[in-house]
Amino acid sequence: MSMKLGLLYWFALVLMIGFAGCSSDDDDDLLGNWIELGSFEGIPRSDAVAFTVGEYAYVGTGYDGEDDERLNDFWRYDATKDYWTQVQSMPGIARNGAVAFGISTKGYVTTGYDGVNKLKDTWEYNPEANEWTQKADFPGSERYGAVSFAIDNKGYVGTGYDGNLLKDFWMYDPASDSWEQKVSVGGKKRRDAVAFVVNGKGYVVTGTDNGQYLTDFWEYDPEQDIWNEKRKIEDDNEDESYDDDYEIAGINGVAFSVNGMGYVTTGGPGFPGVRTWEYHPTTDLWEERTEFEGSPRYEAVAFVINNEPFVATGRSSGYYFDDVWMFDPTAEYDEYD
């Protein structure tokens with residue numbers, strides 16, 4: 001990149017950062033603090049996957065913007081030492097846009113996109129043996145841009161894009177290596193949404209359908225196999241003020257849950273953002289928290305280790321990130337850490 005183009009890119013990025021944060025309150029008025037840690041030691045990338053098994057998180061696959069080649073390397077993160085170790089690469093086809101979840105002592109990766117083909121193969125990672133094993137293919141159509149989560153030693157995958165937008169929903173049982181179709185996600189079809197789990201319930205929110213950023217919000221009860229619609233994530237109630245400042249809709253963000261709350265951050269509508277939102281399941285209300293302090297981005301990964309959430313990697317335009325941030329939702333904002 002020439003010096004002139006580089007200066008133009010960084011000038012545009014600075015403007016984007018300012019625009020992304022200008023509509024929210026000052027950080028010192030919001031609760032929550034982001035702390036930057038050591039960099040991810042793999043190639044900077046976007047649209048990777050992450051899962052947690054025991055005391056470690058695992059991050060891999062993705063796209064680094066180079067020559068339409070996808071990645072299949074994997075890295076283990078030790079949060080205690082803030083240290084990354086490369087582990088066995090995932091076999092099969094390198095990809096981005098896949099989904100992943102951790103169940104008990106294993107991690108699972110399925111679906112994705114190799115730059116030409118949409119995928120449905122499923123792989124299991126055994127951290128103790130540092131080995132990958134191919135499992136039963138995801139039974140829905142080949143896709144990318146889906147969502148996933150795990151509840152009670154079962155994995156759940158749904159929505160996404162297979163050439164058309166989707167809302168189907170499937171459960172994976174690792175004990176029998178089998179998939180079972182469940183009730184489809186409520187509301188609209190969607191891609192590039194996020195999902196999190198709180199108190200045994202799964203939540204799906206954000207995403208896009210037919211060129212619109214979606215504002216419907218759904219809770220999945222696995223015991224009853226039903227979806228319950230929650231309050232919208234936009235200013236939808238003219239008679240009450242609780243949603244007046246909601247600006248949560250978007251695509252390619254990340255989500256996680258800690259301490260009985262769900263969180264959505266990064267991503268955004270039309271441009272990558274930094275706003276962070278906390279969801280209270282008991283009241284069905286969202287509250288804004290301190291903005292993500294890294295550069296605005298799409299397609300990052302999020303994971304939780306020992307009840308501490310982390311956000312890493314991602315992209316903004318043609319720039320790919322390898323920074324890692326930890327979020328403390330109960331701490332006061334500290335601009336100097």
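The exercises below, each with a worked solution, concern a predicted model of one protein chain.

**Exercise 1. Overall dimensions**

Determine how the radius of gyration of the protein chain compares with the value from the globule rule.

Solution.
Step 1. The secondary structure of the protein chain comprises 1 helix and 28 strands.
Step 2. The radius of gyration is 19 Å, and the globule rule gives 20 Å for 337 residues.
Step 3. These values are close, so the protein chain is as compact as a globular protein of that length.
Step 4. Along the principal axes, the C-alpha atoms occupy a box of roughly 50 × 50 × 40 Å.

**Exercise 2. Burial and contact range**

State what percentage of the residues is buried, and what share of the contacts between residues at least 6 apart in sequence joins residues at least 24 apart.

Solution.
Step 1. A residue is buried when its relative accessible area is under 20%. Of the 337 residues in the protein chain, 54% are buried.
Step 2. Taking the contacts between residues at least 6 apart in sequence, 50% connect residues at least 24 apart.

**Exercise 3. The environment of strand β15**

Establish which strands pair with β15, and whether β15 is enclosed or open.

Solution.
Step 1. Strand β14 (residues 194–198) runs antiparallel to β15, and 5 bridges join the two. Within this pairing, Ala195 has Val204 of β15 as its bridge partner.
Step 2. The hairpin of β14 and β15 has 2 residues between the strands, and Asn199 there adopts a positive phi near 50°.
Step 3. Strand β18 (residues 217–221) is also antiparallel to β15, with 4 bridges between them. Here Val204 is matched with Trp218 of β18.
Step 4. Val204 is thus a bridge partner of both Ala195 and Trp218.
Step 5. In β15 (residues 201–205), 4 of the 5 residues are buried, so the strand is largely enclosed by the rest of the structure.

**Exercise 4. A four-stranded sheet**

Give the strand order of the open sheet that contains β20, and identify its edge strands.

Solution.
Step 1. The sheet has 4 strands in the order β20-β21-β22-β23, with antiparallel pairing.
Step 2. The edges are β20 (254–258) and β23 (285–289), each of which pairs on one side only.
Step 3. From one strand to the next, the twist averages 25°.
Step 4. Between β20 and β21 (residues 261–265), the antiparallel pairing extends over 5 bridges. Ala255 stands opposite Val264 of β21.

**Exercise 5. Classifying aromatic pairs**

Classify the ring pairs Tyr156–Phe169 and Phe217–Trp286 by the angle between their planes, and locate each ring in its strand.

Solution.
Step 1. A search of the whole structure yields 43 aromatic pairs.
Step 2. The rings of Tyr156 and Phe169 are 5.6 Å apart centre to centre, with 10° between the planes. Planes under 30 degrees apart count as stacked, and this pair is accordingly classed as stacked.
Step 3. The pair connects distant parts of the chain, with Tyr156 in β11 (residues 154–161) and Phe169 in β12 (residues 165–173), 13 residues apart. Tyr156 and Phe169 are both buried.
Step 4. For Phe217 and Trp286, the ring centres are 5.4 Å apart and the planes stand at 50°, so the pair is tilted.
Step 5. Phe217 belongs to β18 and Trp286 to β23, and this link between distant parts of the chain spans 69 residues. Phe217 and Trp286 are both buried.

**Exercise 6. Clusters and charges over rings**

List the members of the aromatic cluster that includes Trp34, and find which arginine lies over the face of Tyr56 and which over that of Tyr161.

Solution.
Step 1. One aromatic cluster is formed by Trp34, Phe256, Tyr263, Phe292, Trp325 and Phe327.
Step 2. Arg76 is placed over the face of Tyr56, 4.4 Å from the ring centre.
Step 3. Arg191 is placed over the face of Tyr161, 4.5 Å from the ring centre.

**Exercise 7. Two loop residues**

Decide whether Gly211 and Ser317 are buried or exposed.

Solution.
Step 1. Gly211 lies in the loop between β16 (208–209) and β17 (212–213). Its relative accessibility is 73%, and Gly211 therefore counts as exposed.
Step 2. The C-alpha atoms of Gly211 and Tyr56 are 38 Å apart, with these positions 155 residues apart along the chain.
Step 3. Ser317 lies in the loop between β26 (315–316) and β27 (319–320). With 52% relative accessibility, Ser317 counts as exposed.
Step 4. The C-alpha atoms of Ser317 and Tyr298, 19 residues apart along the chain, have a separation of 8.8 Å.

Notes. Residues are numbered from 1 along each chain as its sequence is written. This is a predicted model: local features need pLDDT of at least 70, side-chain atom pairs count only at pLDDT 80 or more; totals for chains, interfaces and linings use all residues. Side-chain values use heavy atoms; hydrogens and water are left out. Two strands pair if DSSP finds at least two bridges between them. Axes are lines fitted to C-alpha atoms, for helices over the stretch in contact, and angles run from 0 to 180 degrees between N-to-C directions. Buried means under 20% relative accessible area, exposed over 50%, partly exposed in between (1.4 Å probe, protein chains only). Rings of Phe, Tyr and Trp (its six-membered ring) pair if their centres lie within 6.5 Å; planes under 30 degrees apart count as stacked, over 60 as edge-to-face and the rest as tilted. A charge sits over a ring if NZ of Lys or CZ of Arg is within 6 Å of the ring centre and within 35 degrees of the ring normal. The radius of gyration is taken over C-alpha atoms; the globule rule is 2.2 Å times the number of residues to the power 0.38. Contact means heavy atoms within 4.5 Å.
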